[in-house]
Amino acid sequence: MKICVSAMGGSMEAKVSERFGRAPYFVIVDSETMAFTPVVNGAESMQGGAGPEAVRQVAAQGAQVVLTGELGTNAKTAIE
């Protein structure tokens, strides 16, 4: 299973970002192999719609689970 962690950096040692849509990175971790892929969040600096765009990026990476701090209303709707 692929797990997305909203992160402050692109490594397994990075702190978890408290804001999903504005997280600088997403670290996508394969729970079976523990291999990871850092993904720069292109939505971080968007004026609006960052949450739904971040969801699209994470879904494109095949993530099935998201670990994050705060999830905005639009991101929550997009994830559901």
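## Exercises on a predicted model

Met12 is partly exposed, with 37% relative accessible area. The structure is a predicted model.

**Exercise 1.** Place Met12 in the chain and find which residues form a nonpolar patch with Met12 on the surface.

*Solution.* Start with the position: Met12 sits in the loop that joins β1 (2-7) to β2 (25-30). Next, take its exposure. Partly exposed covers values between 20% and 50%, so Met12 at 37% falls in this class. A patch residue needs over 30% relative accessible area, and Met12 has 37%. Its partners in the nonpolar surface patch are Met34 and Phe36. Together, the three residues have about 280 Å² of accessible area.

**Exercise 2.** Decide whether Ser17 is buried or exposed, and list what surrounds this residue.

*Solution.* Ser17 is also found in the loop between β1 and β2. The cut-off for buried is under 20%; Ser17 has a relative accessibility of 4%, so this residue is buried. Now look for a polar partner: a polar atom of the Ser17 side chain lies 3.2 Å from the backbone oxygen of Arg19. Finally, set aside neighbours within four places in sequence. The contacts of Ser17 are then Ser6, Ala7, Met8, Ala23, Pro24, Thr68 and Gly69.

**Exercise 3.** Count the aromatic pairs and classify the arrangement of Phe20 and Phe26.

*Solution.* The count is 1 aromatic pair. The ring centres of Phe20 and Phe26 are 5.2 Å apart, and the planes meet at 40°, so the pair is tilted. Then check exposure: Phe20 is buried at 1% relative accessible area, and Phe26 is buried with a value of 1%.

Note on methods. Residues numbered from 1 in each chain as written. Predicted model: local features only at pLDDT ≥ 70, side-chain atom pairs only at ≥ 80, totals over all residues. Heavy atoms only, no water. Patch = residues over 30% accessible without salt bridge, like charges linked within 9 Å, V, L, I, M, F, W, Y side chains within 5 Å. Areas by Shrake-Rupley, 256 points an atom, 1.4 Å probe, with all protein chains shown as cover. Salt bridge = Lys/Arg side-chain N within 4 Å of Asp/Glu carboxyl O. Helix = DSSP H or I, 4+ residues; strand = E, 2+ residues; numbered from the N terminus. Buried < 20%, exposed > 50% of the residue type's maximum accessible area, 1.4 Å probe, protein only. Polar contact = N/O pair within 3.5 Å; in protein donor to acceptor, adjacent residues only side chain to side chain. Contact = heavy atoms within 4.5 Å. Phe/Tyr/Trp six-rings, centres within 6.5 Å; stacked < 30°, edge-to-face > 60°.
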